Amino acid sequence: MTNELRFDQLQLDPRIVTAVTEAGYVTATPVQAQAIPALLSGADLMVSSRTGSGKTAAFMLPALHRIATQPSTGRGPRMLVLSPTRELANQITEATKKYGRHLKQVRTVSILGGMPYPVQNRMLAKPYDILVATPGRLIDQMEHGRIDLSQLEMLVLDEADRMLDMGFIEDVERIAAATPATRQTLLFSATMDKEIVRLSRDLLRDPVRIEATNIKESHENIDQRLHYVDDMAHKNRLLAHLLTDVDLNQAIIFTATKRDADVLASDLSGMGHAAAALHGDMHQGARNRTLEGLRRGRFRVLVATDVAARGIDVPGISHVINYDLPKMAEDYVHRIGRTGRAGNKGIAISLASGRDALHLQRIERFTGKPIQVHTIEGFEPKRPFRPSRPAPKGGNRHGKPQGAGGARPAGVGARPRTNAAAPWAKVDKSFQSRKRMGG
Ligand code: ADP
Ligand code: MG
């Protein structure tokens with residue numbers, strides 16, 4: 001704890017330091033320690049750092065400092081934070097209120113899809129300083145002339161990679177074009193691939209680059225486990241068993257589809273678990289209530305799809321369970337980042353059958369390391385897992401054996417064709433037509 005930076009060493013307004021101290025923060029996280037001074041100096045910034053590393057305060061504290069200590073130049077918001085999802089936007093808004101609680105004059109408005117227009121229009125009619133928004137609804141409100149970004153001093157693109165994935169690139173560019181060229185621009189992204197770099201060239205000037213932690217090497221505090229399952233029945237039995245773990249405080253279970261999230265949540269409720277579903281088809285009010293219920297501990301289990309779970313920050317989540325593996329490898333990293341928040345330990349369990357071999361391979365290639373295989377007595381897979389992965393070039397891709405429980409089952413090679421037509425492959429589609437959980 002020698003060269004860690006305390007918040008009172010960061011030249012922030014004392015009221016902000018008080019608020020973060022009250023929030024329980026003692027020292028700045030690495031990304032905060034680097035970003036806050038750069039932002040206070042007025043630089044543009046490009047940050048890639050792992051989820052849970054404290055990026056929100058990294059941009060919000062210097063922004064609040066500026067808004068509180070420098071007079072505004074006119075009407076209209078001084079800061080705009082763009083977020084890919086409503087959940088993330090809500091979390092940013094809450095964090096802003098927390099960090100700015102002693103700055104009574106700073107007002108924050110959030111403009112999200114799904115919110116009733118009359119409510120939104122009333123909020124926009126009064127003066128405010130900080131606008132947190134999802135791109136679609138913001139464009140909509142701009143087109144109606146209800147938002148004037150001509151006085152904007154700071155533009156933040158949070159989770160920019162996800163905004164691009166979700167097809168918001170044109171919206172983001174249109175929004176940026178409505179802001180003054182003199183603005184300070186910040187871009188946060190888990191990855192820095194070609195598209196992000198291109199976007200940053202368009203929107204940022206001479207950015208300071210911060211790579212606090214390579215996302216691929218992160219998550220040391222998360223114990224990642226892989227359980228092989230023979231079929232859906234086995235998967236459901238194993239899941240039911242995992243949920244009996246007394247060390248499981250709260251869990252997010254990820255499913256591939258909204259429908260499966262609903263069905264699994266209702267099955268688990270039927271088994272006596274305090275479970276709820278969260279996905280993009282739910283109304284915003286219901287999504288908010290569910291998240292609030294999770295935060296307050298009313299739910300122990302949340303069954304969610306990727307989009308809805310993005311950015312969720314609930315400290316009580318001890319376990320992430322991949323009931324279905326994510327389609328995109330990077331989503332694996334985002335999913336498991338829902339646990340192990342703020343330095344806690346977390347457990348991420350992936351359930352995989354032979355059909356998942358390719359997904360698994362992509363995930364491991366992305367994270368750069370194999371997930372340790374675990375078995376539980378009485379729940380061992382009956383058939384050997386024969387991944388369809390081709391033998392890696394240059395020998396054993398995994399390098400040395402992984403130690404206890406970490407070695408792959410022997411027999412890596414071409415998966416027999418018969419496996420692809422396994423009987424359970426057909427019933428996989430509809431959970432309801434399967435044997436209900438718990439029999
Ligand atoms: P990210 O955006 O990088 O995923 P968040 O800004 O959501 O991370 O922060 C993750 C969690 O860490 C939040 O619960 C937040 O309250 C907490 N946190 C942020 N900064 C600190 C700090 N300096 N000390 C302790 N906890 C912090
Ligand atoms: Mg964040």
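Which polar side-chain atom lies 2.8 Å from a nitrogen atom of ligand 1? The points below take up this question and then turn to the sheet, and the reader should keep in mind that the model is predicted.

1. The side chain in question belongs to Gln32, one of whose polar atoms lies 2.8 Å from a nitrogen atom of ligand 1. The backbone also takes part, since a backbone N or O atom of Thr27 lies 2.8 Å from a nitrogen atom of the ligand, while a polar backbone atom of Ser53 is 3.1 Å from an oxygen atom of ligand 1. Taken alone, ligand 1 exposes 570 Å², and the protein buries 83% of that area.

2. Around ligand 1 there are 17 residues, and the closest are Tyr25, Gln32, Gly52, Thr56 and Asp313.

3. Elsewhere in the description stands an open sheet of seven strands with parallel pairing, in the order E10-E11-E9-E12-E13-E8-E14. Strand E10 (275-278) and strand E14 (372-373) each have a single partner strand, being at the edges, so one side of each is left without a neighbour in the sheet.

4. Within this sheet, strand E8 (residues 222-228) pairs with strand E13 (residues 346-352) in the parallel sense over seven bridges, and Asp223 stands opposite Ile347 in E13. Helix H10 (residues 232-242) packs on the sheet, where the helix touches E8, strand E9 (250-254), strand E12 (317-322) and E13. The direction of H10 makes about 165° with that of E13.

Definitions and conventions:
Residues numbered from 1 in each chain as written. Chains lettered and ligands numbered in written order. Predicted model: local features only at pLDDT ≥ 70, side-chain atom pairs only at ≥ 80, totals over all residues. Heavy atoms only, no water. Pairing = 2+ DSSP bridges. Helix = DSSP H or I, 4+ residues; strand = E, 2+ residues; numbered from the N terminus. Contact = heavy atoms within 4.5 Å. Axes fitted to C-alpha atoms, helices over the stretch in contact; angles between N-to-C directions. Near = heavy atom within 4 Å. Polar contact = N/O pair within 3.5 Å; in protein donor to acceptor, adjacent residues only side chain to side chain. Areas by Shrake-Rupley, 256 points an atom, 1.4 Å probe, with all protein chains shown as cover.
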